[in-house]
Amino acid sequence: MPTSAPHVAPLSAYAIQVDARDNVAVARVAVPRGTRVVVGGSELDVLDDVTPGHRFALTAIPAGEYVRQYAQPIGTSRGITAGALISHANMSNDVP
């Protein structure tokens, strides 16, 4: 039985990247795990269920790097995979 390719949608269908320098997006609607969105011309698979108002990573954010929203650091990554939900488990509140 053939499998169909996942539906691909623009990021704006699900979330908002406030500033082009942000490495996270904020879900404006529920984003189910496995959703594929286009970010900057590349496809990104969302790895977790993301509820409205919560963030997910648009790129991999290595441990020690800042998590950015509004082009400003909002925390420090503990090692975040692209597409992962941003939470206290993978981000500290440490900022400059």
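## Exercises on a predicted model

Glutamate 43 and arginine 36 form a salt bridge in which the closest N and O atoms lie 3.5 Å apart. The model is predicted, and the exercises below start from this pair.

**Exercise 1.** Determine which residues are linked with Glu43 in a network of salt bridges.

*Solution.*
- Step 1. A salt bridge requires a side-chain nitrogen of Lys or Arg within 4 Å of a carboxyl oxygen of Asp or Glu. At 3.5 Å, the pair of glutamate 43 and arginine 36 is a salt bridge.
- Step 2. Arginine 36 also meets the side chain of aspartate 45 in a salt bridge, with an N to O distance of 2.6 Å.
- Step 3. The network therefore consists of Arg36, Glu43 and Asp45.
- Background: side chains can pair when they carry opposite charge and their charged atoms come close.

**Exercise 2.** Classify each member of this network as buried, partly exposed or exposed.

*Solution.*
- Step 1. Buried means under 20% relative accessible area, exposed means over 50%, and partly exposed lies in between.
- Step 2. Glutamate 43 has a relative accessible area of 52%, so it is exposed.
- Step 3. Arginine 36, at 22%, is partly exposed.
- Step 4. Aspartate 45, at 33%, is likewise partly exposed.

**Exercise 3.** State how many salt bridges the structure holds, and describe the one that involves arginine 21.

*Solution.*
- Step 1. The structure holds three salt bridges.
- Step 2. Arginine 21 pairs with aspartate 19 through their side chains, at 2.9 Å from N to O.
- Step 3. The relative accessibility of arginine 21 is 59%, so this residue counts as exposed.

**Exercise 4.** Describe the setting of threonine 35 and decide whether it is buried or exposed.

*Solution.*
- Step 1. Threonine 35 is located in the loop that runs between strand E3 (24-27) and strand E4 (36-39).
- Step 2. Its relative accessibility is 10%, and threonine 35 therefore counts as buried.
- Step 3. The threonine 35 side chain reaches the backbone oxygen of proline 32 at 2.6 Å.
- Step 4. Apart from neighbours within four places in sequence, threonine 35 contacts Tyr14, Leu44, Asp45 and Val46. Among them, Asp45 belongs to the salt-bridge network of Exercise 1.

**Exercise 5.** Identify the residues that form a nonpolar patch on the surface with Val18, and locate valine 18.

*Solution.*
- Step 1. The patch is formed by Ile16, Val18 and Tyr70, which together have about 300 Å² of accessible area.
- Step 2. Valine 18 is placed in the loop between strand E2 (15-16) and E3.
- Step 3. With a relative accessibility of 39%, valine 18 counts as partly exposed.

Definitions and conventions
Residues are numbered from 1 along each chain as its sequence is written. This is a predicted model: local features need pLDDT of at least 70, side-chain atom pairs count only at pLDDT 80 or more; totals for chains, interfaces and linings use all residues. Side-chain values use heavy atoms; hydrogens and water are left out. Helices (H or I, at least four residues) and strands (E, at least two) are DSSP runs, numbered from the N terminus. Buried means under 20% relative accessible area, exposed over 50%, partly exposed in between (1.4 Å probe, protein chains only). A polar contact is a pair of N or O atoms within 3.5 Å; within protein, one must be able to donate a hydrogen and the other to accept it, and residues adjacent in sequence count only if both atoms are side-chain atoms. Contact means heavy atoms within 4.5 Å. Patches are made of residues with over 30% relative accessible area and no salt bridge: like charges are joined within 9 Å, nonpolar side chains (Val, Leu, Ile, Met, Phe, Trp, Tyr) within 5 Å. Accessible areas come from the Shrake-Rupley method with a 1.4 Å probe; for residues, only the protein chains shown count as cover.
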